[in-house]
Amino acid sequence: MTTAAEADVRGVLGRLADAWNSGDAAAYGRLFAEDADYVTFFGVNFPGREVIESSHRALFEGPLRGSKLTGSPGQAAKVRFVRPDVAVAVVDGGSSLTGAEVGDQGRESTVSVVLVREEGEWLITAFQNTRVSDPRG
């Protein structure tokens with residue numbers, strides 16, 4: 001059974017995917033805490049909501065224009081609560097550079113997200129995107 005808090009966390013993840021899929025950097029950025037850390041699959045950290053929004057604006061207007069996240073991150077995530085106001089979510093996903101419903105081969109990722117409840121709102125405070133790869137090379 002899904003609790004209200006779990007549904008709220010899943011809702012944030014769903015809105016994150018929706019914002020990406022519509023190329024809306026402002027909506028994407030609003031889902032993060034002011035002091036959030038966003039670590040890309042390249043290992044680069046975007047510190048803070050403002051940097052997260054501006055970097056995604058550049059991506060959505062440039063190389064990732066029209067890209068889509070595939071799957072249902074809000075529904076598929078494994079969610080657990082460290083405390084009533086701190087949640088950890090892990091979700092597998094992918095992306096399509098052409099906007100297709102099926103992810104491009106080699107663009108599968110596992111994303112770890114830490115969310116905090118601040119003033120009644122769940123916000124992402126840490127985001128780690130790791131590209132899925134074969135450890136044998």
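## Exercises on a predicted model

Glu119 lies in the loop between E6 and E7. The structure examined in these exercises is a predicted model.

**Exercise 1.** Determine whether Glu119 is buried or exposed, and state what sign its phi takes.

*Solution.* Step 1: the relative accessibility of Glu119 is 87%. Step 2: the cut-off for an exposed residue is over 50%, so Glu119 counts as exposed. Step 3: the phi of Glu119 is near 50°, which is a positive value in a residue other than glycine. Step 4: as background, most residues other than glycine have a negative phi.

**Exercise 2.** Identify the residues that touch the most other members of the largest nonpolar core, and establish which element gives the largest share of this core.

*Solution.* Step 1: the core holds 30 residues, and those touching the most other members are Tyr28, Phe32, Tyr38, Val113, Leu115, Ile124 and Phe127. Step 2: the elements that give two or more residues to this core include helix H1 (4–21), helix H2 (25–30), helix H3 (49–61), strand E1 (32–39) and strand E5 (86–96), together with strand E6 (109–118) and strand E7 (121–131). Step 3: H1 supplies six residues, the largest share. Step 4: for Leu115, the contacts beyond four places in sequence are Val9, Val12, Asp85, Val86, Ala87, Ala89, Trp122, Leu123, Ile124 and Thr125.

**Exercise 3.** Show how the buried residues of H3 are arranged about its axis, and name the elements against which they pack.

*Solution.* Step 1: H3 has 13 residues and reaches 18 Å from its first C-alpha to its last, close to the 18 Å expected at 1.5 Å a residue. Step 2: its buried residues are Arg49, Ile52, Ser55, His56 and Phe60. Step 3: viewed down the axis of H3, these buried residues fall within an arc of 140°, and therefore line one face of the helix. Step 4: in general, an α-helix has 3.6 residues a turn, so residues three or four places apart point the same way. Step 5: the exposed residues Glu50 and Glu61 are carried on the face of H3 turned away from its buried side. Step 6: the buried residues of H3 pack against H1, H2, E1, strand E2 (45–47) and E7.

**Exercise 4.** Locate Leu69 among the strands and list its contacts beyond four places in sequence.

*Solution.* Step 1: Leu69 belongs to strand E3 (residues 68–70). Step 2: with a relative accessible area of 27%, Leu69 is partly exposed. Step 3: Leu69 touches Ala17, Trp20, Asn21, Gly94 and Ser95, residues up to four places away being excluded.

Notes. Residues numbered from 1 in each chain as written. Predicted model: local features only at pLDDT ≥ 70, side-chain atom pairs only at ≥ 80, totals over all residues. Heavy atoms only, no water. Helix = DSSP H or I, 4+ residues; strand = E, 2+ residues; numbered from the N terminus. Buried < 20%, exposed > 50% of the residue type's maximum accessible area, 1.4 Å probe, protein only. Contact = heavy atoms within 4.5 Å. Core = buried A, V, L, I, M, F, W, Y, C linked by side-chain atoms within 4.5 Å. Expected span 1.5 Å × (residues − 1). Arc of directions from axis to C-beta.
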